[in-house]
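Trainee: Could we take a close look at a single part of this model, the place where the ligand sits? I'd love to go through it slowly with you.

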Amino acid sequence: MLHSFVQSGRLEVRFVDIANTDAVIAAMNGAAFLWLESPTNPGLEVADMPTLIVAARNLSVGVGVDNTFATPLIQNPLEMGADIVMHSVTKYFAGHSDVIMGSLSTKIPELHARLHEIRKIHGGVPGPYEAWLALRGLRTFPLRFECAQRNALELAKRLSKHPGVSRVRYPGLPEDSQHARAKSFMRGFGAVVSFEVKDGPEKADRICESSHLITHATSLGGIESLWERRRRWPAESTLTPENLIRLSVGCENVEDLWRDIEQAFTNS
Ligand SMILES: *Cc1c(COP(=O)(O)O)cnc(C)c1O
């Protein structure tokens, strides 16, 4: 998306590794706005959000955060001083993979008024049925998210001991490179686990095709578990390893999920 704004000459963008705090602060010099996503999709890197937001404030740089992976249950960027927060309502808020919607939140009345005006003029207003589905999903959002998080931690632990897995990325694992940082300001670690398959991308594809309970599909944040090899999509960043599977953990029985993962490794 940002690349297309760059190509049309509408924005100048500096892309930086969000986990590299010094590099992000250096890139803020002369910038108008810091846009960040944390934990990141699908690498599950964690930005040092409190430090970055303070640095941005000091430089009068606005801050926007894509908080889709964390959700407000475990991370509150507006409380930390961000100007605007984005959530894909499609994911955990609606939670049933049956509605496409997004939200922006801000505490700044002038910014809210501008966004409201833009939405009114450009459209993108959800229909009543979609709004009802999202609201219905939202009622169980904390229950679903907490269950999915519990399942995710258990699966991440088991995957990290699986002989077919070369690396697990989940900030909730004590040995994860992002654990200490995430723990210092987040109240949980989310429900997406990414892992790399030792035998390479073809094996990873076959694993995703061999599941019976886990759905082989894009998207995440639904009540049902989904997985896919991200690099099967040409648009995916080349920084994402070819053998990486992103697993969006749902609310199924965790033993059923584990049995499905094990059989998918065995039968692929
Ligand atoms: C899915 C997703 C989006 C896009 O949201 P849609 O509702 O699918 O348009 C943006 N950011 C993150 C982190 C996402 O996972």
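Trainee: How far from an oxygen atom of the ligand does a polar side-chain atom of Ser88 lie?

Mentor: Happy to! This is a predicted model, where local features need pLDDT of at least 70 and side-chain atom pairs count only at pLDDT 80 or more, while totals for chains, interfaces and linings use all residues. Residues are numbered from 1 along each chain as its sequence is written, and side-chain values use heavy atoms, with hydrogens and water left out.

Now to Ser88: one of its polar side-chain atoms is 2.6 Å from a ligand oxygen. Thr90 also reaches a ligand oxygen, with a polar side-chain atom at 2.5 Å. Asp66 instead points to a nitrogen atom of the ligand, at 2.6 Å from a polar side-chain atom. On its own the ligand exposes 380 Å², and the protein buries 67% of that (Shrake-Rupley areas, 1.4 Å probe).

Let's widen the view. Around the ligand sit Glu37, Asp66, Thr68, Phe69, Met86, Ser88, Thr90, Lys91, Met101 and Leu220, each with a heavy atom within 4 Å of the ligand. By character, this shell holds four nonpolar, three polar and three charged residues; here Asp, Glu, Lys and Arg are charged, Ala, Val, Leu, Ile, Met, Phe, Trp, Tyr, Cys and Pro nonpolar, and the others, Gly among them, polar.

Finally, the backbone: strand β3 (84–88) and helix α5 (89–93) each supply at least two shell residues. Both are DSSP runs numbered from the N terminus, with at least four residues (H or I) for a helix and at least two (E) for a strand.

Technical notes: Polar contact = N/O pair within 3.5 Å; in protein donor to acceptor, adjacent residues only side chain to side chain.
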